[in-house]
Amino acid sequence: MALVCCVSLTRFWSCSLRTNTRTTGLYSPYVSCQSRPALCRHYSSSNVRRGLGRYISSRLQKVNTRYEGFLRRRFPRFYQLYHTFVEGFKLLFRDAKEVQRIKSRMFSDGVQFKDLSYREMEKLRQFRRDVLKAVPLVVISIPPFANYLVFLLMYFFPRQLLIPHFWTPKQQLEFRALYHSLRARHHRPVLKGLESTSQRVKDRQLQSSLKDLCAKVQSGATPEVSEILAVRRLFSGPPLGIHRMSVNQMRHVSPLLFLTPRLPGFLIGRRLNSHGLELLQLDRALSRLGAHQLSEPELRQACYLRGLNSSGLSVGQHREWLSRWLQVSSSLKDSEVSLLLHSIVFLSANAPSGAGRH
């Protein structure tokens, strides 16, 4: 409420001052300075207007500070929510400015997405997902007085309605663990689908390699990079290429990327291909940068995106796991992106603090 009041008052004074300036300019040819009222002459000075604006801004900040202090003392739980929202809007506004800068450079310099740096790619990818999730909430808040309903919905359903900018640190850990558990439920169905598909592989050596790979993961072990790459031919065309695998298999792979499986098969295939190629481009940009250049939060986010349950792992374990992932990714062509998506299961199902077999 304090934030809304601040914005409203600031807009009111801003509009008043702009209106006064236009009025002064309109009548200046006909009315001399000496004949103007003292108040009009007072407000015609830009310096005074700026001083008045600073005075109003400082007063509003003091009122807001007192309001926050009152909430902190009397309603600590509500204050934490309020503070999280305020800081979340600041982070979102900062991200929006950064995305605008990146897109402007792409437009003016003709830079393609694949040529961006890793951090710029990741910023665009994450911001797009956040905005898409926030759109329904914005639409609901359009009718008059609907903001009160929206606030209640956000309070009771933060995971479903809010983007990570508006999660508390505790919610960050809780929701990420929950999302990973939902993703990990599809590890076993993905492996079962691969085992079933292997029966249609005519090449006996490839068939045996795929079966051994699935059996190794199901036994609780993590396969070597060479064992994953040994079956790459099966994932570039039939039967496991991104456009050739069964719809049922695609429905189990989609949640690995937090994509809904409740779409027609052709749409699921297009989305998997799009997100898979985006992930492959991210990996290539990360290889150019070097995983050792990532900060700890960036490292944890990179591993989480690629399927690892990052809670409880050390920085060294994160770097070791990401290095193995990049060894697989750097060897793949665009046509083999299906193998990259299945590697989410191959490499993370039995990671040290992962969810294990499901």
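1. R232 is partly exposed, with a relative accessible area of 23%. In this predicted model, R232 forms a salt bridge with E336, and the closest N and O atoms are 2.8 Å apart. The two residues come from distant parts of the chain, 104 residues apart. R232 sits in the loop between α11 (225-229) and α12 (247-253), and E336 sits in the loop between α15 and α16. Is E336 buried or exposed? E336 has a relative accessibility of 7%. The cut-off for buried is under 20%, so E336 counts as buried.

2. A second salt bridge joins the side chains of E298 and R119, with 2.8 Å from N to O. This pair also links distant parts of the chain, with E298 in helix α14, R119 in helix α5, and their positions 179 residues apart. E298 has a relative accessibility of 25% and therefore counts as partly exposed. R119, at 39%, counts as partly exposed as well.

3. A further salt bridge is formed by R306 and D283, whose closest N and O atoms are 2.8 Å apart. R306 lies in the loop between α14 and α15, while D283 belongs to helix α13; they are 23 residues apart. Both R306 and D283 are buried. Elsewhere, E98, R101, R105 and E120 are joined into one network by salt bridges that share partners. The search of the whole structure finds 15 salt bridges.

4. The next point concerns helix packing. Two packed helices are described by the angle between their axes and the distance between the axes. Helix α13 (residues 265-289) packs against helix α16 (residues 337-348) at an angle of about 80°, and their axes are 9 Å apart. Angles of 65 to 115 degrees count as roughly perpendicular, so α13 and α16 are roughly perpendicular to each other.

5. Which residues of α13 and α16 make the contact? From α13 they are L272, N273, G276, L277, L279, L280 and D283. From α16 they are V337, L340 and L341. By type, the residues of this contact divide into seven nonpolar, two polar and one charged. D283 of α13 is thus named twice in this note, because D283 takes part in the contact with α16 and also in the salt bridge with R306.

6. Helix α14 (residues 296-305) has the buried residues L299, A302, C303, Y304 and L305. What covers the buried residues of α14? The cover includes α5 (118-140), α8 (169-184), α13 and α15 (315-329). After α14 comes G307, which has a positive phi, near 115°.

7. P239 and L194 can be read as a pair. They are 45 residues apart in sequence and 9.7 Å apart in space, from C-alpha to C-alpha. P239 lies in the loop between α11 and α12, and L194 has its place in helix α9 (residues 187-198). P239 has a relative accessibility of 13% and so counts as buried. L194, at 0%, counts as buried too.

8. Leaving out residues up to four places away in sequence, P239 touches T197, R200, V201, L234, R244 and M245. On the same basis, L194 touches L210, C214, F235, L240, Q249, H342 and F346.

9. The last point is the nonpolar interior. Which residues of the largest nonpolar core touch the most other members? This core has 63 residues, and those that touch the most other members are L234, F235, L272, L322, W325 and F346. Helix α16 gives the most to this core, with eight residues. Several of these names have come up already: L234 is touched by P239, F235 and F346 are touched by L194, and L272 is part of the contact of α13 with α16.

10. F346 touches L191, L194, L213, V217, T222, P223, I228 and L339, not counting residues up to four places away in sequence. A second, separate core has 10 residues, including L81, L137, M154 and I163.

Terms used
Residues are numbered from 1 along each chain as its sequence is written. This is a predicted model: local features need pLDDT of at least 70, side-chain atom pairs count only at pLDDT 80 or more; totals for chains, interfaces and linings use all residues. Side-chain values use heavy atoms; hydrogens and water are left out. Axes are lines fitted to C-alpha atoms, for helices over the stretch in contact, and angles run from 0 to 180 degrees between N-to-C directions. Helices (H or I, at least four residues) and strands (E, at least two) are DSSP runs, numbered from the N terminus. Angles under 35 degrees count as roughly parallel, over 145 as roughly antiparallel, 65 to 115 as roughly perpendicular and the rest as oblique. Contact means heavy atoms within 4.5 Å. Ala, Val, Leu, Ile, Met, Phe, Trp, Tyr, Cys and Pro count as nonpolar, Asp, Glu, Lys and Arg as charged, and the others, Gly among them, as polar. Buried means under 20% relative accessible area, exposed over 50%, partly exposed in between (1.4 Å probe, protein chains only). A salt bridge is a side-chain nitrogen of Lys or Arg within 4 Å of a carboxyl oxygen of Asp or Glu. A nonpolar core is a set of buried Ala, Val, Leu, Ile, Met, Phe, Trp, Tyr and Cys residues joined through side-chain atoms within 4.5 Å.
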